[in-house]
Amino acid sequence: MMKNVNLPHDPYNVIITGVGGQGNVMASRIVGNALSRLGLRVTIGETFGASQRGGSVMSHLRISTESTWSPQIPAGSCHLLISLEPSESLRVLSSYGNPNVNVLCNTRPVHAISVISGDRDYPGIDEMKSWVEELSESCWFLPATEKALELGQPILANIIMIGAAVGVGILPLKRSDFEAVIRETMPSDKQELNLEAFDLGRAMIAAIVA
Amino acid sequence: MSQILNGIPGSRHLLMGNEAIARGALEAGVSVVAGYPGTPSSEIVETLAKVSSKLNLYVEWSVNEKVAMEVAAAGSFAGLRSMAVMKQNGVNVGSDFLLHLALTGTRGGMVIVHCDDPGALSSANEGESRHFARMLEIPLLEPGDFQEAKNMIKWAFELSETVHNVVMVRSVTRLSHASGPVTLGELPEVEKNAYFNHNGFILDPLEGPVSCLPVPHHHERQQEKMKKAAAEFEVSQFNTYNGPPRPELMVITGSACHLYCKETINLLGLQGRVGLLKLGTTWPLPKQLIRTHLEKTDRFMIVEEVIPFLEENVKIIAAELASEIGPKTFFAKRDGTFPGTNEMNPDLVIAALAEILEIPYEPAPPAYRRRAQDLTQSGAPGRDLTFCAGCPHRASFWTLHNVLQLDGREGFVCGDIGCYSLAVLPTGFSTLKTLHSMGSGVGLASGFGKLGQFGMMQPVIATVGDSTFFHAVLPALINAVHHQSDITIVILDNSGTAMTGFQPHPGLPVDASGNAVPAIDIAAVCEATGATVRIRDPFDIDSTRETLLELLDISGLKVLVLKQKCALSPEKKAGKQFDVSVDEEICLGQNCGCNRLCTRIFKCPGLKWDGEGQVSGIDDVICVGCGVCASICPSGAIRRKEVA
């Protein structure tokens, strides 16, 4: 039942990170379900609950043609990082990064309480970009939240980032795979907006890569 | 979700561990399901509640875990398959009933699913519930992946009917809240007829009354059942061995740790050197099976969470057989190979195995890791836990904190279990001074309130949530009223079991499956006990403060119900009440006499501090428009405008 799918590594390890409330879990479910429909064996590890309020969150996706793997990725083993918040990309890279990792990152910061209180400074986006560039093989920064605000719902930054990840061409997914999951799992009044966000993400990455 | 009911048998789906457990229960033909919400277990009951109207299935969110076990046991006594579901501490709550249930035995298959939280990722403890199986002498199963989570639940019902006793199935956060591939089985057509047979001979286990008496008779029978379970476990398909016939070292593990061990053996390329014994039946241990594997080598690594349960039980068998199989070396928790606390992960297993077998392993180039860690230190400010933007608890604790300061008698607040537990931290102005189990805040307050005869003059307040109120506060409340304990109970009523995802509780007019049910009025219950009761909106800071000050001056038991819906509730998410903005002309920033009350003390995530411009601001993406910050700004610089 497995379609002809080539993975750059097996298992291929994706981390989706962000801050609690940014739609991390939703994003990992959609990507996981789309890959699972291709016949791939997907394992997703995540944490949620009270401990995540305002905290850093991560979803670990293991994509394999063969087996079920650990829901936690071993240190240093991330292949693709999708980061819904800039500073969270650094935090993930410090544990799971390696010189060959690819990074897609949203540019909009979510300030930690220590930044709101003035006890800590949040780095400028240019500085952040140069650091992530240094720690990755390739990286792409997108103003996903700003674009999502134009769609009227900042939460859609997660779907824009998924669109961009599919657009980069690393994940073995097509728009039709994403659309099938959206049609099946989302209420009908939300489907079009999510598809629009997905297409926006693909267009944004196409503009950068070109 | 739809695949839980409609998935085609034989098809493979990506299911959350909890969904796999729910599907397993459906494949077993479960009829009665009861639980109390608790991370990481809640999705099991939620999933079953959603499909309950389409099947002949009764699902309830019980008032607490003990009642959930009792409701499920009633189903079993009437001949139906039944399941009780809870997080780890729920087993503690229900353990008194469970002790007696284990003695009487069951009729229709009965399974208790308990989801432990190693590392306390979403708990106030990392308690182990596996020990209950040994202590109470009942069988224990632990699924080692997602497929097993489904299959094992189904088998647990069969086992329960074979031994006529309740069976425990233990999951953990990294299984319950993780997702993986699961191939579905058939949903059975079951004829369900409930009838409690109680007229038979008093000692007849299937037709007589269900009673613990006489205890010695039942206890003896209970131990016979354990022998029967052990015999089943000797040949169980849930115990598997992968590896060479004579490995250099054998890993013995189970549950989510099984996946970490499998990962390690693969990553280090040790398939030809290291064996992997995965145990799914962990109490009672199948002695012959363990012996067979102990004979294969002399070195063992035991990987488990959190307390060395498997380690101790395997070592007992190794000690009993020592004269026949010779001495064995174990790398596990008791020798310090693995830490005695916190959850496991692949990295701990990789590091331990690499060291024992002297295999060089670096997860990433050391220079890369150092650089990444340095950049994280300087560029990624740590995220302290905080109440959400617009959370009613921030407003409630703001007032509680300020009132205690104004009162000036060194009063304090006893905390309880819910999102508001975070008020031990700066996000709740460090207002909570005790934090234990569900309902304990009021019990402790009841005790503190009686210490006046020893000279204690400090005002005593307890805060509890609405779901917690019904779960375990009622006995403590009645105790406090009856003994005239001089305390104030603040009920933070946000209209649902918010922390675990808005499951309904007895205070709401709807049940788990969405049916209309009578709601029990918290304020009326408190009034009926004789307490002085007030109801306020915590977003109305002034009125809440005046009321609390008034209550602190009244003697006896006082209750303040602070009603405001959770900021994440569907109603609140539908739209903002206020547009909030900062008038930069009026904001004085650091120069404000308030010392930046908004961003330095109140610290709602919806606020911003512009260090360069020296003004506060609103983050429009995060602000949910509760408008409370406008009430706390002394300069009137924060403006709120009702959204049309």
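**Notebook: chains A and B, and two domains of chain B**

Across the interface of chain B and chain A, I find 5 salt bridges. One reminder to myself before going on: this is a predicted model.

**Entry 1: the A–B interface**

I picked out one salt bridge to look at, in which the side chain of B:Arg383 meets that of A:Glu88 at 2.4 Å, N to O. I then turned to polar contacts, and the interface of chain B and chain A has 23 residue pairs of that kind, both residues at pLDDT 80 or more.

Which elements of chain B supply at least two residues each to the side that touches chain A? My list has the helices H1 (2-6), H10 (257-267), H14 (346-356), H15 (366-379) and H22 (597-602). The strands E1 (12-16), E8 (179-183) and E22 (607-610) of chain B belong on it too. H15(B) gives the most to this side, with 10 residues. Sorted by class, the side of chain B that touches chain A has 33 nonpolar, 18 polar and 15 charged residues.

I also noted the extent of the interface. Here 66 residues of chain B are in contact with 67 residues of chain A. Together the two chains bury about 5,600 Å², and carbon and sulfur atoms carry 56% of it.

**Entry 2: a loop of chain A**

Next I went to the loop between strand E3 (56-64) and strand E4 (80-83) of chain A, where A:Ala75 has its place. A:Ser67 lies in the loop between E3 and E4 of chain A as well.

Is A:Ala75 buried or exposed? I have it as buried, because its relative accessible area is 8%, and the cut-off for buried is under 20%. Leaving aside neighbours within four places in sequence, I see A:Ala75 in contact with A:Ser95 and A:Tyr96 in chain A, and with B:Asp347, B:Tyr361, B:Pro363 and B:Arg369 in chain B. I also checked a distance along chain A: the C-alpha atoms of A:Ala75 and A:Pro143 are separated by 28 Å, with their positions 68 residues apart in the chain.

A:Ser67 is also buried, with a relative accessible area of 14%. What does A:Ser67 touch, not counting residues up to four places away in sequence? I find A:Arg41 and B:Lys262. With B:Lys262 there is a polar contact, side chain to side chain, at 2.6 Å.

**Entry 3: domains 3 and 4 of chain B**

I finished inside chain B, whose domain assignment gives domain 1 (2-234), domain 2 (240-356), domain 3 (392-572) and domain 4 (575-642). I looked at where domain 3 of chain B meets domain 4 of chain B: the contact takes 9 residues from domain 3 and 11 residues from domain 4. Taken over C-alpha atoms, the centres of these two domains are 28 Å apart.

The area buried between domain 3 and domain 4 of chain B is about 880 Å², with 70% from carbon and sulfur atoms. Which three residues supply more than any other three of the area that domain 3 of chain B buries against domain 4 of chain B? They are B:Arg394, B:Trp398 and B:Phe539, with 59%.

I count 0 salt bridges between these two domains of chain B, and 2 residue pairs in polar contact, both at pLDDT 80 or more. On the side of domain 3 that touches domain 4, helix H16 (392-407) and helix H21 (570-573) of chain B each supply at least two residues. The largest share, 3 residues, comes from H16(B). By class, I have that side of domain 3 of chain B down as 6 nonpolar, no polar and 3 charged residues.

Methods. Residues numbered from 1 in each chain as written. Chains lettered and ligands numbered in written order. Heavy atoms only, no water. Domains from an automatic or database assignment. Contact = heavy atoms within 4.5 Å. Buried area = accessible area lost by both parts, 1.4 Å probe. Salt bridge = Lys/Arg side-chain N within 4 Å of Asp/Glu carboxyl O. Polar contact = N/O pair within 3.5 Å; in protein donor to acceptor, adjacent residues only side chain to side chain. Helix = DSSP H or I, 4+ residues; strand = E, 2+ residues; numbered from the N terminus. Nonpolar A, V, L, I, M, F, W, Y, C, P; charged D, E, K, R; others polar. Buried < 20%, exposed > 50% of the residue type's maximum accessible area, 1.4 Å probe, protein only.
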